[in-house]
Amino acid sequence: MIPKELQKEAQKIINLLKTSNNILITSHLRPDGDAIGSVSGLMKSLEKLGKKVDVDLIDGIPSRFPFVWPENHQLLKEVEIESNHDLILVLDCGDAERHGVKLKYDKSRTIMINIDHHASNVNFGDINYVDTGAQATCEIVTSLIDLGEFPLDTDIAESLMLGLMTDSRTFSNENIRYTTHEAAARLLRTGLSTSRILNTLNSGRSEVDLRLQGFGLTNFKLECNNHLATLVVTQNDLKKLNANVGNIFASGIFNIPLTIQSVTASVTIFEREDGISACEFRSRGGIDVKEVAVALGGGGHIPASGCSQTIPIEEMAKKAIDLMKKQVNKFYNQDEKENL
């Protein structure tokens with residue numbers, strides 16, 4: 001499951017994990033299923049090897065995914081850490097700022113390892129394992145655990161399957177590589193039951209999540225000959241629904257517009273409680289939304305990316321929608337030229 005061009009880095013990482021005893025793991029702000037899954041899965045495996053593992057996630061565990069986090073493991077939420085760890089592992093994070101932790105450490109004794117699958121990753125680690133063909137960082141972690149013959153039981157597998165299923169959109173993303181299914185098969189061979197993950201993803205929404213989904217379905221707009229769907233959600237909208245930003249992520253409104261036959265790209269612009277304006281971009285058919293996210297200071301993948309800025313939501317919406325219109329129109333103009 002390890003791509004040939006990354007086998008050298010994979011072996012370096014495995015050797016360091018085996019010889020290190022004091023390890024810190026972190027991931028991006030507002031962690032999703034892949035961030036939580038990869039962090040908790042690797043943490044559990046390393047602890048079964050006898051390693052001391054600290055985990056720092058400023059925003060904590062999302063309310064939907066507490067079942068993958070051990071009750072007896074204290075989670076750090078520190079914005080600044082003076083680290084004396086042997087290794088710092090940054091998982092599922094495109095750049096050194098996105099985890100939000102100010103890390104102070106002696107670079108002569110501590111090695112930072114960057115493990116990720118985002119195409120926008122800037123290779124900020126001392127060792128960089130960035131496999132943009134992987135559907136999830138959990139796919140990469142599964143491969144590393146398997147290659148290193150590290151512990152892998154049903155508890156660890158459940159964490160890793162969570163990230164694999166959420167980031168691959170339950171294996172429905174376009175251009176899924178065979179290695180994704182190999183990783184899933186390896187996790188299932190542990191005896192894992194996926195029922196708890198599926199119940200969470202398919203039946204775990206709250207009433208507020210569904211009312212917010214209804215708001216999105218009622219208020220989205222179509223642009224670019226109905227190829228682009230746009231939605232703006234303000235704090236006033238959320239207050240009327242007794243909702244918060246967490247409900248936006250849980251509602252599914254980022255991906256639902258892509259089920260419309262004509263829609264091949266979408267952008268949801270929303271206002272966070274702290275006044276920061278954020279965007280989530282989605283696409284199918286090859287439209288590169290990562291390019292738009294990067295232009296706005298974010299990053300991600302060709303079909304799924306995000307960004308945020310400390311500007312009014314009206315300004316963010318204009319920027320994001322204008323750039324998405326240009327991206328969609330450019331794609332279809334190119335597509336039309338190729339078919340001439």
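**Exercise 1.** Sort the residues that line the second largest cavity by class: how many are nonpolar, polar and charged?

*Solution.* Start with the names: the lining is made of Leu17, Leu42, Ile115, Val141, Leu144, Ile145 and Phe150. Next, the classes: Ala, Val, Leu, Ile, Met, Phe, Trp, Tyr, Cys and Pro count as nonpolar, Asp, Glu, Lys and Arg as charged, and the others, Gly among them, as polar. Sorting gives seven nonpolar, no polar and no charged residues. Helix 3 (residues 137-148) supplies the largest share, three residues.

Before you go on: this is a predicted model, where local features need pLDDT of at least 70, side-chain atom pairs count only at pLDDT 80 or more, and totals for chains, interfaces and linings use all residues. Numbering runs from 1 along each chain as its sequence is written, and side-chain values use heavy atoms, with hydrogens and water left out.

**Exercise 2.** Find out which element gives the most to the lining of the largest cavity.

*Solution.* First, the term: on a 1 Å grid over the protein atoms alone, a cavity is a set of points where a 1.4 Å probe fits but cannot get out, and lining residues have an atom within 4 Å of a point. The largest one holds about 80 Å³ of space, where volume is the space filled by probe spheres set on the points, joined across faces, edges and corners. Helix 7 (207-219), strand 9 (228-233) and strand 10 (265-271) each give two or more residues to its lining. Helices (H or I, at least four residues) and strands (E, at least two) are DSSP runs numbered from the N terminus. The winner is strand 10, with three residues.

**Exercise 3.** Work out why one side of strand 2 and one side of strand 7 have no neighbour in the sheet.

*Solution.* Write down the order of the open five-stranded sheet: 2-1-4-6-7, with parallel pairing. Two strands pair if DSSP finds at least two bridges between them. Now look at the ends: strand 2 (52-56) and strand 7 (127-130) are at the edges with a single partner strand each, so one side of each stays without a neighbour. As a check on one pair, strand 1 (residues 22-27) and strand 2 are parallel over five bridges, and Leu24 sits opposite Asp54 in strand 2.

**Exercise 4.** Which strands does helix 2 lie across?

*Solution.* Locate helix 2 at residues 33-48. Then list the strands: strand 1, strand 2 and strand 4. Finally, the angle: helix 2 runs at about 170° to strand 1, with axes fitted to C-alpha atoms, for helices over the stretch in contact (heavy atoms within 4.5 Å), and angles from 0 to 180 degrees between N-to-C directions.

Technical notes
1 Å grid on protein atoms, 1.4 Å probe; cavity = no way out; pocket = protein on both sides within 12 Å on 5 of 7 lines; lining within 4 Å.
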